[in-house]
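Visitor: I'd like a close look at a single part of this protein. Could you walk me through it slowly, as I'm in my first year?

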Amino acid sequence: MDSATIRKKFLDFFESKGHKIVPSAPLVLKNDPTLLFTNSGMVQFKDNFLGHAAPLYNRVADTQKCLRVSGKHNDLEDVGLDTYHHTMFEMLGNWSFGDYFKKEAIAWAWELLTEVYQLPKERLYVTVFGGDKKENLPVDAEAENLWKQHIGADRILYGNKKDNFWEMGEQGPCGPCSEIHIDLRPEEDIKSKAGKELVNNDHPQVVEIWNLVFMEFNRKADGSLEKLPAQHVDTGMGFERLCMAIQKKTSNYDTDVFRPLMDFIALHAQNYTYGSDKKKDIAVRVMADHIRAVSFAISDGQLPSNTGAGYVIRRILRRAVRYGFSYLNFKEPFLYRLVPLLALQLKDVFPELHKQEEYVERVVHEEEISFLRTLEKGLKLIDNLPNMIYTQIANDKFTSDSVHDKIKIHNLRAEYVEKLIKENKEIQVSGQILFELYDTFGFPVDLTSLIARERGWSINEQGFQDEMQKQKSRSKADAAKETGDWILIGKDEKTEFIGYENLENEARIVKYRKIKQKNKELFQLVFDKTPFYAESGGQVGDTGVIESVNEKIFITDTKKENELIVHFTEKLPESISSAFVARVDVRKRELTMDNHSATHLLHAALRQVLGKHVEQKGSLVNEKILRFDFSHFAAMTTEEISKVERIVNEKIRENIVLNEQRNVPIEKAKQLGAMALFGEKYGDFVRVITFDPKFSVELCGGTHVSATGKIGLFKIVSESSVAAGVRRIEAVTAEGAQEFVNDSLSLLGELKSLLKNPKDIAASLQNLIEEKHQLDKKLEAVYQQQANLLKDELVSKAMKSNGHTLIAEKISVPNADTLKNIAYGLRNQFQDLLLILAADVDGKPLVSVMIGETLEAAKKYHAGNMVKELAKEIEGNGGGQPFYATAGGKNLAGLEAVITKAKTMI
């Protein structure tokens, strides 16, 4: 049975049991401050479990794209090393919201596995919650008795709280769970050791395939449990593991989920077939796994970047590249070639990748090119590892503060260092160096270790792990947030948002809670109805005030926590049960609406000018500026920018009236031509914003102007690159645009005045630039003449000392390039040169050390090490190569001391 059939049978089975089959939510999460990615099937239903939204259906089933790169068994660096863990995986699931409970969930699970999939009953085991005395929770006897109707009591095992009591997080819905495990070992192994002894013991062939969670409690902030008003079922079955069991494989990677990708990779690796080389096999698994995570994250709107979720995606992609680079000899971009294969494989179940295949392919390709350049730089750094080791040894060897010992540090001969390495087995590449190579340049520890071992060194792996832990601790500290329980004031009802029509209304607080983040205490308020727009879809949240008879409280921000509208304030009202007037900051809202509506006009204009491939990839809309990211693979020309700007302003002058339609069936909205954004999760009913049905029709929940004329003026401020295949436009509207134009005209007026009001300001500026260029050339010739004279003067002062030519002088030069040219000129003249120059460069101190070729080969002196010590005299720092290094500083008066110290060192 192939994987597509396995998936279809699951969905068909639960559809036959009255479940609504819903599409997968995007891999990348929005409006959920607790998660970066969808990490389980239940995430898209959190609001239903938390009571923030009523479920549309009481019974639901789906297959959900999930991503995990941390937590139990899911550290990124371990994926690919074994045969059953992944970054991205599919989770098949069925849910009941206050409908059926344990009886049906258990019976249907058994029916599907044993009758539909025909898995052997004698190889299945189930676990039930064995109770917990500390929590005063009993054994889940109900589940146990229900299982006894299907399976022998000897195959029902008790699990502890860690394995069999599922919790959403530190707070929220939770309950006992029942896991189904399968023993896939050969018969002879089963005869020698019973499978029950290996359940939940990390055996690669005795694995959990399905978890049935019975939600019946709510975990409060103080750790206590309370019963939920309704009981729910949440199940999750690992699709890849299920395929492994049904297809009778011993590894997830051997199923048809992964083998098409793996076979393609192996085919293009040199002289290799999968299974013939352990390290290469790992590399193939890493690449096949990671391209899935990266491709679907990008297609769902998350581009690789250096922060947040984007950083995670970049790390995954780069890990795949370096495995291919290190073990399969892929020195050119290759991962991007897997995208079309993956898109075709999953086009029927996850069509979003197939529809954006070319875009995703281009993004991955550009990222690979960029990282391969970085890898090249990193390899050069590793080539310089001896110098890093030498410095480490020297600093460890001489801890004295005396000048004599400091001089010794920089006079260590390479031969002496090598002798130290041989004599002292504890000499290692430090954890700090390993971490720098890994964190900054993406170099895996095993690659650094391999190169170090080839040179006779060891690595301090524990030191590296310590540095990793420090980084994790820093990240946790930055993200640490204490969240209290919601305190109900009245009936817990869903907030009614009335901010499309009203910017002021009477409101009552339904519930509130205290949070503490970065040592700052804040309060979150939820109202029965609110005019405050919560940050969503790129539009910032409203600010304003709530007022009662006795007090005024400032609302500093409004955000969505899933579907809950949360208002932030630094102070809790004294009379929490009072009626308040909630009032939005009108000026800020109106300016924000100008920018949001202009963003829709901009999107449509870009598609008109550049082509239909243009799609929104991100946006920011506030009262000051609009920022719009879109798919396009080249910088826009001046003509294209002008044309887009002209079209938008034409639409503004047309004063097109807003056509806002609410609760439109999603299929009807698509028929109207509404653009749905990839990576957004839409319900069955949507809001459609239209500014001329032939120009701009979009699905949008944001606030907009009543007619385009209110925007006034639109002006593009900048166009730039954000990532591979993604451009960014920043623009201003209304008062911001007027201010920008006025400032630009004012600057132009100043320029004209400075240029004596020429008729053609551009031609006048061009003439001025050309005159400057000619003068620069003349000045450069003068500088060169002075440098030659200074070089000749230094040659005359050269001394023979201990078999080399020594020049150590204080000089004055006009710029750093002149100093560098003099140094290289002297190196060409003296093979045995040792040059130390303490230079006054236009009033700033600069130290330069240059070593001749023969002296460099002898490794007697190291320019980089010397300059670091000399720089202390000018209160500076610097570095460079073994033969040439420079250092800048603050203390011009210290130049004489530099020469004195240099002569002492020599």
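Which residue in β35 does Asn877 stand opposite?

Guide: Keep in mind that this is a predicted model. In it, Asn877 stands opposite Gly888 in β35. Let's build outwards from that pair. Strand β34 and strand β35, which covers residues 884-888, run antiparallel and are joined by four bridges.

Now for the sheet around them. The order of its six strands is β30-β31-β32-β33-β35-β34, and the sheet is open, with mixed pairing. At its edges sit β30 (799-801) and β34 (877-880), each of which pairs on one side only. From one strand to the next, the twist averages 20°.

Let's hop over to the other edge strand and look at some charged side chains. Lys800 makes a salt bridge with Asp832, and their closest N and O atoms are 2.9 Å apart. This pair links distant parts of the chain: Lys800 is in strand β30, while Asp832 is in the loop between α25 (816-829) and β32 (833-841), 32 residues apart. The two partners don't sit in the same kind of surroundings: Lys800 is exposed, with a relative accessible area of 67%, whereas Asp832 has 16% relative accessibility and counts as buried. Why buried? Because the cut-off for that label is under 20% relative accessible area, and Asp832 has 16%.

There's another salt bridge to find here, between Lys797 and Glu809, with 3.9 Å between the closest N and O atoms. Lys797 lies in the loop between α24 (761-796) and β30, and Glu809 is in strand β31 (residues 804-813), so the pair ties together parts that are twelve residues apart in sequence. As for its surroundings, Lys797 is partly exposed, with a relative accessible area of 38%.

If you want to put those two pairs in context, the structure holds 49 salt bridges. One of them brings together the side chains of Arg662 and Glu501, at 2.4 Å from N to O. That pair links distant parts of the chain, 161 residues apart: Arg662 is in strand β25 (residues 659-665), and Glu501 is in the loop between β14 (496-497) and β15 (504-517). Here Arg662 is partly exposed, with a relative accessible area of 36%, and Glu501 is exposed, with 52%.

So, back to where you started: Asn877 and Gly888 stand opposite each other, and β34, at an edge of the sheet, pairs on one side only.

Technical notes:
Residues are numbered from 1 along each chain as its sequence is written. This is a predicted model: local features need pLDDT of at least 70, side-chain atom pairs count only at pLDDT 80 or more; totals for chains, interfaces and linings use all residues. Side-chain values use heavy atoms; hydrogens and water are left out. Two strands pair if DSSP finds at least two bridges between them. Helices (H or I, at least four residues) and strands (E, at least two) are DSSP runs, numbered from the N terminus. Axes are lines fitted to C-alpha atoms, for helices over the stretch in contact, and angles run from 0 to 180 degrees between N-to-C directions. A salt bridge is a side-chain nitrogen of Lys or Arg within 4 Å of a carboxyl oxygen of Asp or Glu. Buried means under 20% relative accessible area, exposed over 50%, partly exposed in between (1.4 Å probe, protein chains only).
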